[in-house]
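Trainee: I've got a structure to look through and I'd like to talk it over with you. Can I just fire away?

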Amino acid sequence: MPDKKQDLIDQKLQDLNNDGVDRRGFLKCMAWAGTGLVWTLSGGIPVSRAFAKSSGKDVDKSADFSFVQISDSHIGFNKPANPDVTATLQTAINKINAIPHKPDFIIHTGDLSQLSKPSEFDTLDQVLRGASAKQIYFVPGEHDMLTDNGEQYLQRYGKGTKGSGWSSFDHKGVHFVGLVNVANLKAGGMGSLGHEQLEWLEDDLKGRSASTPIVLYAHIPLWTIYPDWGWGTDDSEQALSYVKRFGSVTVLNGHIHQIMQKIEGKVSFHTAMSTAFPQPAPGTAPSAGPMKVPADQLQQVLGITDVNYLVSGRSLAIVDSPLGASGSSASGNGGGPGGS
Amino acid sequence: MTRQNVWVASLATPVMIAVLLLLLGSPNVTATDQSSAANTEVKIDNFSFGPQTVTVPVGATVTWTNRDDIPHTVVSTDGVFKSKVRDTDEKFSYTFTKAGTYPYFCSVHPKMTGTIVVQ
């Protein structure tokens, strides 16, 4: 059964360059090599170019603005898969601060904390204060709703949001929508947006020009990746029907702690790595839980996502970079817990 | 027969009769998942409840223990019980005072479901 499912996933990926390497294979190679991967969408057709982490000149020249997505910081997690998630989050922030084309803001796609504890949110805030990008947008993950239906999360990060924390904003001509699909989850189900939020979304998009680039972001993937592990959103089809008419739609998610991408017409879906710990590929382990990798590989399977909006062609280029290169153990992160 | 054997035989018979009477008289005996003890354990591991279905007598206490390195919750779909979030090695117990079928799930990972049957 798992093989069949894997085939279905791979069918969605195509060998665009006819060089015998499909997108999944390409992504795997690039992630392993530690280089960033640039996906550019021109009129809905993806064109890929690999570039060395240190340059990125191609993207810089034409970029109108950029922002960074981070996800799944799980502050408070302290098990073998990563005894010091605060340190790896700090590494991610340092990496963001070092990006030559300064990102305008950061989007955190949820699971800020591990147990929704005040101390965990406090620690997160402390680390994020060191980001040079001062504007940070959040959506909650299921780990942020553990104690009080997300009351505390909303108090800290929900200003200007509605319901369980959804909102939208415009930035330099691009319309961003933060959705919450981790509230009121039903037994046996996956992620859920709910009727009230869907109504709000439909209304929010109404009347906008179809040439407005749209970015949707939510914690759990808005496309069905692996139902057995709850990797999908039960009512996302309705949400996606509202964005169908737009010329460029980008969906940014987290939750699965690994990169997955899919392009369907003018909509490109992308999930980010975690800054805390990796999770296994669908069906390759008994469950979706934290996956332990050798200590010197941890930095390669955690990462950030740099998104560049290119005015020419009105497209977004998504670049995933791991926190570190192969074999490197960043100083301060090696050894035992309690890194600076 | 030796005296010891006679003693054992005379003890065994009433014990056997008592056991037979117990078995015949109790409708709760089933071949699997039967817990007549006051406390029944459900392990939470690999994002699943094990055993997924448990049958207990009225008045029994069920204790869930989280063996995953991810927090979970135990929430009745009918609002009968609801645990606080349970991290690794933390437990949640509930005593079932009424007969019935109690489906539940993990509100954090809703694909995780289980049932307690109270007879």
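Trainee: Let's start with A:Asp72: is A:Asp72 buried or exposed?
Mentor: Keep in mind that this is a predicted model. The cut-off for a buried residue is 20 or more other C-beta atoms within 10 Å. A:Asp72 has 30 C-beta neighbours inside 10 Å, so A:Asp72 counts as buried.

Trainee: And where in chain A is A:Asp72 found?
Mentor: A:Asp72 has a positive phi, near 50°, and is not a glycine. Most residues other than glycine have a negative phi. As for its place, A:Asp72 is in the loop between strand 3 (63–70) and helix 4 (85–97) of chain A.

Trainee: What is the phi of A:Asn184 near?
Mentor: First find A:Asn184 in the loop between strand 7 (174–178) and helix 7 (195–205) of chain A. A:Asn184 is a residue other than glycine, yet its phi is positive. The value is near 55°.

Trainee: Is A:Asn184 buried, exposed or partly exposed?
Mentor: Buried needs 20 or more other C-beta atoms within 10 Å, and exposed needs 12 or fewer. A:Asn184 has 16 within 10 Å, so A:Asn184 is partly exposed.

Trainee: What about A:Asn181, buried or exposed?
Mentor: A:Asn181 is in the loop between strand 7 and helix 7 of chain A. Around A:Asn181 there are 32 other C-beta atoms within 10 Å, so A:Asn181 is buried.

Trainee: Which residues does A:Asn181 touch, leaving out those up to four places away in sequence?
Mentor: Let's go along the chain. A:Asn181 touches A:Gly191, A:Ser192 and A:Leu193, and also A:Ala218, A:His219 and A:Ile220. To finish the list, add A:Thr233.

Trainee: How many Å separate the C-alpha atoms of A:Asn181 and A:Gln69?
Mentor: Along the chain, A:Asn181 and A:Gln69 are 112 residues apart. In space, their C-alpha atoms are separated by 18 Å.

Trainee: Zooming out, what share of chain A is buried?
Mentor: Chain A has nine helices and 13 strands. Out of its 340 residues, the buried share is 47%.

Trainee: Which residue is the bridge partner of A:Lys262?
Mentor: Look at strand 10 (residues 260–264) and strand 11 (residues 267–271) of chain A, which pair in the antiparallel sense over five bridges. Their hairpin has two residues between the strands, and A:Gly265 there takes a positive phi near 65°. In strand 11 of chain A, the partner of A:Lys262 is A:Phe269.

Trainee: Over in chain B, which residue stands opposite B:Thr55?
Mentor: Chain B has an open sheet of four strands in the order 3-8-7-5, with mixed pairing. Its edge strands are strand 3 and strand 5 (75–76) of chain B, each pairing on one side only. Strand 3 runs parallel to strand 8 (residues 113–118) of chain B, joined by four bridges. In strand 8 of chain B, the residue opposite B:Thr55 is B:Val117.

Trainee: Which residue does a cis peptide bond join to B:Gly50?
Mentor: Most peptide bonds are trans. Here omega is about 0°. The partner is in the loop between strand 2 (48–50) and strand 3 (53–56) of chain B, and the residue joined to B:Gly50 is B:Pro51.

Trainee: Last one: how many nonpolar residues are on the side of chain A that touches chain B?
Mentor: In total, 17 residues of chain A are in contact with 17 residues of chain B. By class, the chain A side has six polar and three charged residues, and the nonpolar ones number eight.

Terms used: Residues numbered from 1 in each chain as written. Chains lettered and ligands numbered in written order. Predicted model: local features only at pLDDT ≥ 70, side-chain atom pairs only at ≥ 80, totals over all residues. Contact = placed C-beta atoms within 7 Å. Nonpolar A, V, L, I, M, F, W, Y, C, P; charged D, E, K, R; others polar. Pairing = 2+ DSSP bridges.
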